[in-house]
Amino acid sequence: VMQCSASLDVLFLLDGSYSIGKGSFERSKHFAGKLCDALDIHPDRVRVGMIQFSSTPHLEFPLDSYLTKQEVKERIKRTVFRGGSTETGQALKYILHKGFPGGRNSSVPEVLIIISDGKSQGSTAIPAMQVKERHITVFAVGIKFPRWEELQVLASEPPERHLLFAGDAEDAANGLYSTLSDPVCTATTPGCKVESHPCERRTLETVKELAGSYVCWKGSKQPNAVQASLCPFTRWKRVLIKHPSRCFRTVCPDSPCDSQPCQNGGTCVPEGLDRYHCLCLLGYGGDIHCAAKLSLECSVDLLFLMDSSAGVTLEGFLRFKAFLKRFLQAMVGQDSPVSVGVAQYDDSVRVPIELGQHKDALSLMRRIDALNFSGGRTLTGRALQYIAQHGFRSSPVFPDVQDDLPHVVVLLTDSKSQDSVAEAAEYAKDQNIFLIGIGSSYMRAELTMVTGNPQQTIVYSDPQDLFNRMPELQRKICSVGNPEGCQAQSLDLAFAVDASSGVGLENFLRLRHFVRSSSLHFIINRDVTQIALVTYGSKAHTVFALDTHTSSSAVLQAIEQVPFLGDSASAGSALLHVHSDVMTVQKGARPGVNKVVVLLSNGGGMQGAAAPAQQLRHNGILVFVVVIGDADRDTLLRVAGSPNYLVHISSYEDLQYYQGLIIERICEEARSPVNLCKPNPCMNQGVCILGPGSYRCQCHGWEGPHCESRVLRGDSPRSPALPPHSHVQWSPRGLQHLSRALQHSKRQ
């Protein structure tokens with residue numbers, strides 16, 4: 001391992017803000033520990049310190065605290081995530097004011113390593129320039145999906161040699177050494193050289209696109225007159241953008257093939273002293289180094305459950321083995337974030353390949369080759385129950401990183417189960433296990449019963465067709481970590497669930513499960529999707545409000561606790577309750593965000609529901625009506641307002657088959673243009689007045705951007721607030737933060 005062995009002060013500046021999140025913060029710590037492997041840490045050579053920053057900078061440990069590599073890495077592991085806003089500029093000013101804490105006062109070269117997503121709340125250009133003017137070498141390391149242009153401002157010149165990516169720790173450590181090797185570190189070993197190679201930076205960016213035009217009204221020079229005109233409207237979407245770049249590394253080859261550049265079993269063929277080409281196996285060749293043409297880039301714990309019973313036959317078992325090998329060879333690379341395990345079953349269940357047991361593809365293939373056909377009874381239900389209880393008890397990828405990754409089970413079977421699968425599948429889903437079923441078309445009904453959703457079922461028509469389903473399986477596996485719902489579209493979503501005696505306890509539990517499984521299709525947090533739940537009988541009850549839960553796990557747990565009410569039904573009172581007590585700024589609704597109410601009912605108690613439904617639509621809130629059983633269609637249409645927002649299902653058993661359609665319709669609404677004044681963001685009878693890309697609240701007896709503060713009379717000190725007619729510029733994230741601030745001030 002090459003090491004920088006010189007007198008050097010290195011200070012890590014770790015982003016601990018909420019935009020990074022706890023998971024990526026743990027990966028930042030792991031990366032910082034990896035970089036320490038490239039540093040010869042010693043009191044007379046390299047010293048290391050760390051500052052964590054979010055809203056304010058916090059010194060974790062100065063440079064003179066820990067004087068061995070092991071001590072430094074152990075202390076980095078113990079660093080606790082703090083959370084807050086991303087104030088990178090403040091952290092740089094702290095360093096300008098305090099210097100390198102515990103350092104040697106610029107008597108040795110100083111290196112600052114900033115690990116961040118580059119999404120600072122304030123400007124960083126001036127403090128970054130001042131830091132570099134003090135002859136501090138600054139490396140900017142991107143984590144998660146970073147904003148590279150801001151990191152480029154932070155990094156020293158030339159930026160391509162001082163920009164690193166935490167996703168590839170080994171390569172970044174080599175890049176750090178390569179940049180520092182001349183003149184800071186000791187000379188490179190004879191025969192080695194620093195060379196550049198093409199690489200790419202990736203990030204998720206929100207882009208605005210023109211969606212169309214709508215009729216709007218503009219003022220004219222004549223008094224009391226307006227004229228119609230066409231105004232464009234835009235929508236926001238998040239796209240993965242790749243930035244071509246060049247990276248630097250130190251290479252010490254005697255032959256161009258000594259560094260083993262060909263991946264996945266490819267053969268390296270040298271061409272002279274410094275050139276080569278790779279001969280790739282079937283299914284590879286995504287680039288010149290035989291990368292997989294397909295890959296699993298999502299982070300999941302993935303367990304394959306293979307049917308090894310007599311019903312599947314030896315031929316079918318060998319087919320599943322071949323499919324499994326080809327899929328994993330093509331999808332799982334050396335740096336894949338997926339942990340893979342394999343279990344097989346007949347009368348009993350065996351887990352010959354524990355989750356995450358094999359880190360490299362070669363040893364994993366050998367273990368799959370060693371799997372033997374057993375041939376017993378097909379007890380799929382027992383196998384699912386066992387895997388739900390024991391299949392995911394494994395250590396995390398890194399001992400210091402406690403990954404809370406989604407659990408995915410892929411069931412490979414071609415034989416009807418000889419025991420009941422429904423209860424076992426339900427138990428597995430209650431453990432937050434995502435089930436995917438693969439089998440021939442003969443198995444479609446049973447696989448759908450196991451997964452609970454036809455969209456999580458893959459059927460093939462003939463043996464060769466099974467191998468054509470690899471891309472489909474890849475998409476379904478990664479839809480867990482990256483839901484096939486509305487993706488990054490902001491949405492306020494409320495479910496109003498009929499819990500009356502007309503529905504009954506058994507069917508109410510089905511409705512509750514439907515709400516739970518639908519919630520899995522959304523990214524739940526303050527900035528993307530917020531979910532509220534209301535149950536109703538003769539009266540409506542808020543189970544949890546839009547701003548109560550900020551994660552999927554919290555929402556799922558809360559749904560499981562919802563009790564059955566059991567009295568008469570009044571859908572009208574439920575919709576009125578949603579209008580006045582759920583979809584309001586005071587209860588967490590965000591201005592500038594589309595809003596949807598999904599009413600789940602057996603069709604009873606719909607009298608009087610049309611008026612509150614129309615009131616919700618008038619306030620810009622879509623009402624989506626899902627009715628199970630017999631009901632008068634004309635009444636239902638008056639409540640839904642349009643056939644597009646009405647789903648009429650014959651039985652509760654069929655509800656699961658409509659989930660994809662319902663979510664698709666909800667997401668169409670999430671992508672539509674937003675009227676900033678609907679629902680009214682102004683509190684205390686304030687009047688919302690639209691402007692171009694903004695709105696303002698006209699207040700009476702109140703003040704503040706949303707009329708949230710009462711006007712103080714006499715000589716009492718006035719609370720700081722914007723003028724009553726101040727404009728609020730539209731930015732979805734900004735409005736959401738402002739909405740939270742209003743809720744906070746209201747509680748105060």
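Start your tour of this predicted model by selecting Asp 37, which counts as partly exposed at 25% relative accessibility. Now add Lys 73 to the selection: the side chains of these two residues meet in a salt bridge, with 2.9 Å from N to O. Lys 73 sits in helix α2 (residues 69–77), while Asp 37 belongs to the loop between α1 (21–36) and β2; the pair links distant parts of the chain, 36 residues apart. Like its partner, Lys 73 is partly exposed, at 22% relative accessibility.

**Next stop: a sheet**

From that loop, move on to strand β2, residues 46–53. This strand belongs to an open sheet of six strands, and if you step across the sheet you will meet them in the order β3-β2-β1-β4-β5-β6, with mixed pairing. Colour β3 (57–61) and β6 (163–165) to mark the edges, where each strand pairs on one side only. Turn the view as you go: from one strand to the next, the twist averages 25°.

Zoom in on β2 and β3, which pair in the antiparallel sense over four bridges. Which residue of β3 stands opposite Met 50? Select Phe 61 and you have found it.

**Next stop: a buried pair**

Now jump along the chain to Asp 492 and Arg 590, whose side chains form a salt bridge with an N to O distance of 2.7 Å. Asp 492 is in strand β17 (residues 491–498) and Arg 590 is in the loop between α17 (571–581) and β20 (594–601), so this contact ties together parts that are 98 residues apart in sequence. Are these two residues buried or exposed? Asp 492 has a relative accessible area of 0% and is buried; Arg 590 also counts as buried, at 2%.

**Next stop: a partly exposed pair**

Select Arg 510 and Glu 653 for another salt bridge, where the closest N and O atoms are 3.3 Å apart. Because Arg 510 lies in helix α15 (residues 505–519) and Glu 653 in the loop between β22 (646–649) and α20 (659–670), the pair ties together parts that are 143 residues apart in sequence. Both ends are partly exposed: Arg 510 has a relative accessible area of 26%, and Glu 653 is at 44%.

**Last stop: a network**

Finish by selecting Asp 465, Arg 469, Glu 472 and Lys 476 together, which salt bridges with shared partners join into one network. If you would like to keep exploring, the count for the model comes to 20 salt bridges.

Terms used:
Residues numbered from 1 in each chain as written. Predicted model: local features only at pLDDT ≥ 70, side-chain atom pairs only at ≥ 80, totals over all residues. Heavy atoms only, no water. Pairing = 2+ DSSP bridges. Helix = DSSP H or I, 4+ residues; strand = E, 2+ residues; numbered from the N terminus. Axes fitted to C-alpha atoms, helices over the stretch in contact; angles between N-to-C directions. Salt bridge = Lys/Arg side-chain N within 4 Å of Asp/Glu carboxyl O. Buried < 20%, exposed > 50% of the residue type's maximum accessible area, 1.4 Å probe, protein only.
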